[in-house]
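This report covers selected local features of one protein model. It goes through a surface patch, a set of paired strands and two asparagine side chains.

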Amino acid sequence: MTTVAVLGGGIGGLAAAYYLCKSPQVSKVILVEASSRVGGWLSSTRRADGAVFEHGPRGIRPAGAVGRNTLNMVDDLGLAGEILPVTYSHVASKNRYLYVKGQLHKMPSGISGLLRTVPPFSRPLLLSVAMEILVKKNKEDDESIHSFVTRRLGKELADIAVDSLCRGVFAGDCRKLSIRSCFPPLYNAEQHRGSLTLGMLLGSGPTPVIPPGPLAQRSIEESWAQWSLRRGVESLPESITDYLQQSGRVELHRDAAVRNICPSNSGWKINLEDGVVSADHIISALPAKALSSALPSSCQPLIQELQDIATVTVAVVNLEYDGSILPAMGFGHLVPSSEDRGLLGVTYDSVPFPEHNRPDGQTTRLTVMMGGAWFQEEFGDPETVSEERLLARATEAVHCHLGVTAAPRWSWVALQRDCIPQYYEGHYRRVESMRSFIKKKSLSLSLIGSCYDGVSVNDVIFSGRRAVEELLGTGV
């Protein structure tokens, strides 16, 4: 294998290029990014006074094989000293809220929370969990998250807790999203053990083996629930970019949108806005629709499948207030669709990461997330909605939900268009069909990124690693 082109300079494409650089089998990596900056949705604003604001993902979870994999990368890049860990005993981990019927309700946690009836729920959660073991296994190969949870744990949990969770994680509608693709451990627990409870206790199938490096080991010993970086999560893509440029094997093209890709005798010819490059293999980290418009017409079945993957737009509004204004301390609160369709949730960023506050004077940083699957019906066309309207809606929510009467001292509105792919029921079949077409046609093409195998930062990084391992036939 000599030259590999990686299309897309978000965290998935950067991760793929990083793992390619680890292999002596690869002589050259061509990394192509349509915009002027790499890092994709990992985007942080660092103000001159030291404050840091995240416009995309914020805390990253260290749990599981994919979490360990990311921490091993962070360690290798020399970022261990920049880590801001949040432990499970921290107030941001213990206190998560739901905003239901005009009130904040703390999500039940610990044994006492499971044994008691805690509003907004009408019965103890332990009752739902105990009854769940008796529920028969579903024979279907997929179903919506809402249907799955209603069947196994009851409609109330599905309508309130799981509806809110899916809005927080996917900015999506749990009545359409796939249990199999969005929450594989839950699907596998039912399939392999017949019950979520037994699946959680006994394990629900094989997981990748990723030995923890020193930083991942530390996260286990210190019980981290999530982590960030001192200068914001954008430090991660920046450090990968530095690593790639120092490797001497990476040719980085910025402001170079992919016009089209054509099979050639040696692999692929890639027509960019700034010229033509050739490669033996392509790893595509492009959004599905962007890849579909670049493929040759001979790939029509693949083009169609790619175009059918839906995405949603999220408005992310960062707010900074003077003083300590929160009526409750915790990670933040989520809002079920029955309460307010357009408002997904509010994170209390100053609680988990006070290090990102400006050093002088007490301030509170919040982020309001809006839209998602409901963007169009609540705000209309993303191309025409004004920043003023989004900011007004965000500050109104902070006033109503948290009782904050003051105006923010600083704000930032980021409209993240088509930022989260939606894994609707049957998504796994679409992904299988795409990969089998690629195999059948012997296309030297790998699909990675958030459109296929998981939307979290950890999942996307791991998809880059797995593609490189499959391509080279070795571990990295």
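The model is predicted. In it, L127, M131, I133, L134, L198, L201 and L202 make a nonpolar surface patch of about 700 Å². Helix 5 and helix 10 (196–202) each supply at least two residues of this patch. Helix 10 gives the largest share, three residues. One residue of the patch, L198, is found in helix 10. L198 counts as partly exposed because its relative accessibility is 30%, and the partly exposed class lies between under 20% and over 50%.

**Strand 13 and its neighbours**

Strand 13 covers residues 281–284. H281 and I283 point one way from this strand, while I282 and S284 point the other way. All four of these residues are buried. Strand 13 is joined to strand 1 (residues 3–7) by four bridges, and the two run parallel. Within that pairing, V4 has H281 of strand 13 as its bridge partner. Strand 13 is also joined to strand 19 (residues 445–447), here by three bridges, and these two strands run parallel as well. In this second pairing, I282 stands opposite L445 of strand 19.

**Two buried asparagines**

N138 is found in the loop between helix 5 (125–132) and helix 6 (145–153). Why does N138 count as buried? The relative accessibility of N138 is 17%, and the class requires a value under 20%. Not counting residues up to four places away in sequence, N138 touches E143, R151, E190 and Q191. The side chain of N138 has a polar contact with the side chain of E143, and also reaches the backbone nitrogen of E140.

N458 lies in helix 18 (residues 457–472). N458 is buried, because its relative accessible area is 6%. Leaving out residues up to four places away in sequence, N458 touches I60, R61, V66, G67 and T70. With one of these, T70, the side chain of N458 makes a polar contact, side chain to side chain.

The distances for these asparagine side chains are listed below.

| Side chain | Partner | Distance |
|---|---|---|
| N138 | E140, backbone nitrogen | 3.3 Å |
| N138 | E143, side chain | 2.8 Å |
| N458 | T70, side chain | 2.7 Å |

Terms used:
Residues numbered from 1 in each chain as written. Predicted model: local features only at pLDDT ≥ 70, side-chain atom pairs only at ≥ 80, totals over all residues. Heavy atoms only, no water. Buried < 20%, exposed > 50% of the residue type's maximum accessible area, 1.4 Å probe, protein only. Polar contact = N/O pair within 3.5 Å; in protein donor to acceptor, adjacent residues only side chain to side chain. Contact = heavy atoms within 4.5 Å. Patch = residues over 30% accessible without salt bridge, like charges linked within 9 Å, V, L, I, M, F, W, Y side chains within 5 Å. Areas by Shrake-Rupley, 256 points an atom, 1.4 Å probe, with all protein chains shown as cover. Salt bridge = Lys/Arg side-chain N within 4 Å of Asp/Glu carboxyl O. Pairing = 2+ DSSP bridges.
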